[in-house]
Amino acid sequence: MLFRSTGATAAVVLACGSSPPPKPAEAPAPPPRIEKVAGIPDAAVKAFNDGVSELEKSPPDYAAASTHFEDAVKAYPAYDAATLNLAFCYEKAGRHADAAGAYRKIIAKGNVPSAVQLDFGRALLFSGETDNAITEFESVLRAHPDDLGARNNLDRKSTRLNSSHLVISYAVFCLKKK
């Protein structure tokens with residue numbers, strides 16, 4: 001049965017007040033944890049999940065997360081996702097040489113996205129391996145000549161090295177892109 005709005009209905013609403021305010025939205029549930037991964041020991045998966053939990057905190061606890069990812073890699077050295085997260089945590093914690101070491105393990109396997117190569121290059125740069133960092137950025141540019149991330153990192157390093165030729169070529173490249 002349908003109700004029509006009448007003066008009586010309006011009077012009831014006014015007498016009783018409006019509808020109750022909506023309940024505040026609950027925080028979304030965290031993503032489900034993967035408890036089993038074929039071929040990866042349960043201890044490694046648990047340590048990986050614990051590391052992810054530390055990263056989901058606000059603010060993230062990079063030191064604690066790196067400890068869990070280290071445990072995951074110790075339990076299963078071929079756990080690339082744990083190694084990559086370990087490198088990320090090392091970087092965020094300012095442990096650039098350790099980050100570079102973790103990235104090296106991933107890079108050595110080949111076929112990695114340029115974003116990982118750029119992260120590796122920055123870790124090398126901040127850990128004092130300037131020549132290796134430049135080589136990594138140039139490697140990205142050989143594969144992706146328009147990669148602004150690689151060009152930007154090379155420009156920063158060139159500016160520090162007082163290499164005006166590289167700085168000017170980067171500026172010209174960026175102006176052409178506009």
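In this predicted model, helix α6 spans residues 114-126 and has 13 residues. The helix reaches 18 Å from its first C-alpha to its last, close to the 18 Å expected at 1.5 Å a residue. Its buried residues are Ser-114, Val-116, Gln-117, Leu-118, Phe-120, Gly-121, Ala-123, Leu-124 and Leu-125. An α-helix has 3.6 residues a turn, so residues three or four places apart point the same way. Gly-128 follows α6 and has a positive phi, near 95°.

Helix α6 also enters the largest nonpolar core. This core has 34 residues. Those with the most contacts inside it are Phe-48, Phe-69, Ala-72, Tyr-79, Ala-82, Tyr-103 and Phe-137. Seven elements are listed by name as giving two or more residues to this core: α2 (42-56), α3 (62-75), α4 (80-92), α5 (96-108), α6, α7 (130-143) and α8 (148-160). The largest share, six residues, comes from α6.

Helix α3 has 14 residues. From its first C-alpha to its last it reaches 20 Å, close to the 20 Å expected at 1.5 Å a residue. Ala-64, Ala-65, Ser-66, Phe-69, Ala-72 and Val-73 are buried in α3. The buried residues of this helix pack against α2 and α4. Phe-69 is one of the buried residues of α3. Leaving aside residues up to four places away in sequence, Phe-69 touches Phe-48, Gly-51, Val-52, Leu-55, Ala-82, Asn-85, Leu-86 and Cys-89.

Lys-74 also lies in α3. Its relative accessible area is 65%, over the 50% cut-off, so Lys-74 is exposed. The C-alpha atoms of Lys-74 and Ala-43 are separated by 9.7 Å. Along the chain these two residues are 31 residues apart.

Aromatic rings form a further theme. With ring centres required to lie within 6.5 Å, the count comes to five aromatic pairs. One pair joins Tyr-76 and Tyr-79, with ring centres 6.3 Å apart and planes at 70°. Planes over 60 degrees apart count as edge-to-face, so the pair of Tyr-76 and Tyr-79 is edge-to-face. The two residues were also assessed for accessibility. Tyr-76 has 26% relative accessibility and therefore counts as partly exposed. Tyr-79 has 8% relative accessibility and therefore counts as buried. Ring pairs link both tyrosines with Phe-48 and Phe-69 into a cluster. Phe-48, Phe-69 and Tyr-79 are also among the core residues with the most contacts.

Definitions and conventions:
Residues are numbered from 1 along each chain as its sequence is written. This is a predicted model: local features need pLDDT of at least 70, side-chain atom pairs count only at pLDDT 80 or more; totals for chains, interfaces and linings use all residues. Side-chain values use heavy atoms; hydrogens and water are left out. Helices (H or I, at least four residues) and strands (E, at least two) are DSSP runs, numbered from the N terminus. The expected span of a helix is 1.5 Å times one less than its number of residues. Buried means under 20% relative accessible area, exposed over 50%, partly exposed in between (1.4 Å probe, protein chains only). Rings of Phe, Tyr and Trp (its six-membered ring) pair if their centres lie within 6.5 Å; planes under 30 degrees apart count as stacked, over 60 as edge-to-face and the rest as tilted. A nonpolar core is a set of buried Ala, Val, Leu, Ile, Met, Phe, Trp, Tyr and Cys residues joined through side-chain atoms within 4.5 Å. Contact means heavy atoms within 4.5 Å.
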